[in-house]
Amino acid sequence: MEIRYISTNRLNGIGKTSPLSFTDALSKGIADDGGLFMPDSIPQLNPAAISSFSKMDYPDIAFRVLREYIGSALPETELIRLLKDAYDFEVPIEKADDKTYIMRLDRGPTASFKDFAARFMARMMARLKPAGKKITILVATSGDTGSAVGEAFKGLEGIKVYILYPTAEVSPIQKKQLDSIGENVSALELSGTFDDCQKIVKQAFFDKDLQHLNLSSANSINIARILPQSVYYFYAFSRVSMDGQPIIFSVPSGNLGNSFGCEVARRMGLPVKRLILAVNSNKEVAELLQTGEYRKIEPSVNCISNAMNVGNPSNLARYFDAFGGWLEKNGDVLKKPDLTKMNEILFSRSISDEETRQTIVAFHNKYKILLEPHGAVGVRALELYRAINGSADTAVCLETAHPAKFPETITSELGLVPELPEALKHLNGRESCSVRLPCEFQAVKEYISGCN
Ligand SMILES: *Cc1c(COP(=O)(O)O)cnc(C)c1O
C-alpha cells in the first residue's frame, strides 16, 4: 500500500479530510482543515539495511530513506538523480572526544541546515507540477528560510519566487544573501516586522485576484520539508555508531521541524537513545515536558540564536499527534499527549544567551572546534543531559548554521573572525537587488500582480 498523507486534525482517528498522495500533500502544504500532513504509515528499515548505510554516500542513503514516502510519484531512477543533484555538498562530522561529535549541516549554498529540505522540496515541486503550469512561491522570512528557499528554486522552470522580509530583523549577511539571489527570485524588503510579512503572505493566499498566480508556500510545515530532514540522522548513525549501539542526538530547535525529522527516523527503525530538543529562552517545549502543561510564549523572546526565537512551534502539532494528543495552531491543547512516552525519548532544556556564549568559548578552548550560537545551545543541552544520565552513550550534536554567519558573537567571545565558507565567499561579488515596499498588503499585491 502506498503511503498517504493525513491531517493532524483528527478525532479518534476519523479524518475530516481524505488522505492525499505525496504530490497533493506537497502542493497543498497544509490540509484543508488547517492541520499538518502526517504519513499514514511509517516505512521500516531493518538493522541490516541501516548497517549497510555505512558504505553508502549521502544521496544513496537519502534514496533508501525517502523512496517509500514518494511512492509512485516519481520513478526511482529519477528520484536518485534528483537526490544526487540536491545533495552535492559535503556533510562533515567532527570528533570532539570519543563520545561526542558535531555534524555540520552548513555546507549547502546558504550555509544553514535549511538547504537540505529546501533543495529537496524545490526540485520535487518543479518536477511534480503539471507540465506548462506556472506557480508562484510566496515566503516570509526573518533569516535562513528565505535564502535557502530562494537559492533552491533559483533557475527552476515555471516557478517565480517572492521573498518578503522585514528590513530591521535580518543581519547584514542575511540581507546580502536574500538580495543577491536574482533570476526568478525577487526579494521584497518591507518596513515592518516578521509577523507583518507573514500576515501579508497569508492574506495573499485568500485573495481572489491573485488566484491566477497559483500561489504556493514553501513553509516549514510542508511535509516535504520534514521528510528529507530524517536522512542526516541515518547518515550520522552510519558514520559514528559502534556495533549498532543507539546514539543520542542534540538538535538546536525552534519550530521543531529538524528534530521531528529525527523522530521520524527513530520510528523507521533508527536506534536513537535520546532526542534532545535544545531551545533558547523560548522554553515552552522544555516546560511542556517537565510539567505536562503547554503554554506558548507571546511575543517570543529575542536571543542570539535568533533562528530559534519561536514561542509557539508550528511542528509541535506533529509531536502531539505522534504521541496521541491534539494541538491546535493557536496553541490550544484539545487532547494531551502521552507525557510519559514523550519523556522516555525526548529531553529538553532551555539555554540562556549567557550559557550559549560560555559554551562557544569553552568548546573552542577545549577542542578547538568553532560553534555558532545555535549549535552551542545544542552542545550545552547535551552537557546538562549527561550531568543527569552519565556520558556512556555516543552523542551527535547538530550544527545548523556556519559560524561565519554570526561574526559579531564569535568575534566578541573569541577575538577571531570566522572564515567564510566557499558558499558565502562569492556573496560580495554578487549584485544586490531588492525592492522596497511599504508594509501593506495592497502594495505587495500590486507589485506581484504587475510582475506576472
Ligand atoms: C531554522 C533554524 C533552526 C531551528 O530549526 P527548526 O526546524 O525550526 O527547529 C536552528 N538553527 C538554525 C541556524 C536555523 O536556521
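Two strands are taken to pair if DSSP finds at least two bridges between them. In the predicted model described here, strand β7, residues 135-140, and strand β10 meet this condition, pairing in the parallel sense over three bridges, and within this pairing Thr 136 stands opposite Leu 215 of β10. Both strands belong to an open sheet of five strands, arranged in the order β10-β7-β8-β9-β17, in which the pairing is parallel. The edges of this sheet are occupied by β10, residues 215-217, and β17, residues 434-437; each of the two has a single partner strand, so one side of each is left without a neighbour in the sheet. From one strand to the next, the twist of this sheet averages 30°.

A second open sheet contains six strands, which follow the order β5-β6-β16-β11-β12-β15 and show mixed pairing. Here the edge positions are taken by β5 and by β15, residues 346-350, and because each has a single partner strand, one side of each remains without a neighbour in the sheet. The twist averages 25° from one strand to the next. At the β5 end of the order, strand β5, residues 93-97, runs antiparallel to strand β6, residues 100-104, and the two are joined by four bridges; Ile 93 stands opposite Met 103 in β6. These two strands form a hairpin, with two residues between them. Strand β6 is also joined to strand β16, residues 395-399, by five bridges, and in this case the strands run parallel. Within β16, Ala 395 is the bridge partner of Thr 100.

Taken as a whole, the chain has 19 helices and 17 strands. Its C-alpha atoms fill a box of roughly 60 × 55 × 45 Å when the dimensions are taken along the principal axes. For a chain of 452 residues, a compact globule would have a radius of gyration near 22 Å, and the value of 21 Å found for this chain therefore agrees with that expectation.

The ligand is surrounded by 15 residues, the closest of which are Lys 114, Asp 144, Gly 254, Asn 255 and Thr 400. By class, the shell around the ligand comprises six nonpolar, seven polar and two charged residues. Among the polar contacts, a polar side-chain atom of Lys 114 lies 2.6 Å from an oxygen atom of the ligand. The backbone also takes part, since a backbone N or O atom of Asn 255 lies 2.8 Å from a ligand oxygen atom, and a polar backbone atom of Gly 257 is 3.1 Å from an oxygen atom of the ligand. Taken alone, the ligand exposes 380 Å², of which the protein buries 95%.Two local features of the backbone may be added. In the loop between β6 and α5, the latter spanning residues 114-128, lies Ala 111, which has a positive phi of about 60° although this residue is not a glycine. Elsewhere in the chain, a cis peptide bond joins Glu 298 and Pro 299, with omega at about -5°. Pro 299 lies in the loop that runs between α12, residues 284-291, and α13, residues 316-322.

Notes. Residues numbered from 1 in each chain as written. Predicted model: local features only at pLDDT ≥ 70, side-chain atom pairs only at ≥ 80, totals over all residues. Heavy atoms only, no water. Near = heavy atom within 4 Å. Polar contact = N/O pair within 3.5 Å; in protein donor to acceptor, adjacent residues only side chain to side chain. Areas by Shrake-Rupley, 256 points an atom, 1.4 Å probe, with all protein chains shown as cover. Nonpolar A, V, L, I, M, F, W, Y, C, P; charged D, E, K, R; others polar. Axes fitted to C-alpha atoms, helices over the stretch in contact; angles between N-to-C directions. Rg over C-alpha atoms; globule rule 2.2 N^0.38 Å.
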